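Reader: I would like a close look at a single part of this model, one helix together with whatever surrounds it. Please take it step by step, and keep the reasoning visible wherever a conclusion is drawn.

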Amino acid sequence: METEEKNFNDLRQKFTCKCGCGRNNTTDDFLSKISFAQTITGIDYPITSGCRCPQHNVEVEGSQDSPSLYGAHADIANETPFNCFLIIKGLLMAGLERFRIYPHHIHVDQHPTYPIPSFVWANYPPKIKKEV
Ligand SMILES: [Zn+2]
């Protein structure tokens, strides 16, 4: 049980805002789904973006009402086609239903205002600023 809790907390850390402000309002529900997806596919999801504070969201040119502001968003690096398949399979099995597929990452969210399932190819236009 202690290990499970530690793993959950380690996963949560990956969702902290990348600007250094420390913001991390990731919901337990969203985090549980990511954790479940990792468990059933047997791979660690490389989280490249989770929460963003409003200022950082502007800096990386996120949408004005980005789900990253609500703690229900992940960008996951998509390194190989097989990896992409496993990541999406796990997320779907975990009950997540909102996807944007970029050339190098998968965006998944549970937007509180737009709960409608979607699956969008989003390789347009390439983002100029890259999140670190
Ligand atoms: Zn921040």
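Author: Just after α4, Gly95 takes a positive phi of about 95°, and in this predicted model that glycine offers a convenient place from which to look back along the helix. Helix α4 comprises residues 81–93; its 13 residues reach 18 Å from the first C-alpha to the last, close to the 18 Å expected at 1.5 Å a residue.

The buried residues of α4 are Ile87, Ile88, Gly90 and Leu91. Because these residues cover an arc of only 160° around the axis, they are placed on the same side of α4. The face turned away from that buried side carries the exposed residues Pro81, Phe82 and Phe85. Leu92, which also belongs to α4, is partly exposed, because 14 other C-beta atoms lie within 10 Å, whereas 20 or more would be needed for a residue to count as buried. The C-alpha atom of Leu92 is separated by 21 Å from that of Ser66, a residue 26 places away along the chain.

What do the buried residues of α4 pack against? Their partners are α2 (28–41), β2, β3 and β4, and three of these elements are strands of an open sheet, in which five strands follow the order β1-β2-β4-β3-β5 with mixed pairing. The edge strands of this sheet are β1 (47–49) and β5 (118–121), each of which pairs on one side only, and the twist averages 25° from one strand to the next. Within the sheet, β2 and strand β4 (residues 105–109) pair in the antiparallel sense over five bridges, and one residue pair can be named here, since the bridge partner of Asp75 in β4 is His107. The helix α4 packs on the sheet, touching β2, β3 (98–101) and β4, and its direction makes about 5° with that of β4.

The contacts can also be followed at the level of single residues. Leaving aside residues up to four places away in sequence, Leu91 touches Ala37, Leu96 and Val108. Leu91 and Val108 appear again in the largest nonpolar core, which has 15 residues, and where those with the most contacts inside it are Ile34, Ile76, Ile87, Leu91 and Val108. The elements that give two or more residues to this core are α2, β2, α4 and β4, with α2 giving the most, namely four residues. In soluble globular proteins, nonpolar side chains tend to be buried together.

Two other parts of the chain serve as a comparison. Helix α1 (residues 2–13) has twelve residues, of which the number buried is zero, so α1 lies largely in the open. The end C-alpha atoms of α1 are 17 Å apart, which agrees with the 16 Å that its twelve residues should span at 1.5 Å a residue. Glu61, found in the loop between α3 (54–59) and β2 (73–77), counts as exposed because it has 11 C-beta neighbours inside 10 Å. The phi of Glu61 is near 60°, a positive value in a residue other than glycine, while the positive phi just after α4 belongs to Gly95.

How values were computed:
Residues numbered from 1 in each chain as written. Predicted model: local features only at pLDDT ≥ 70, side-chain atom pairs only at ≥ 80, totals over all residues. Pairing = 2+ DSSP bridges. Axes fitted to C-alpha atoms, helices over the stretch in contact; angles between N-to-C directions. Contact = placed C-beta atoms within 7 Å. Expected span 1.5 Å × (residues − 1). Arc of directions from axis to C-beta. Core = buried A, V, L, I, M, F, W, Y, C linked by C-beta atoms within 7 Å.
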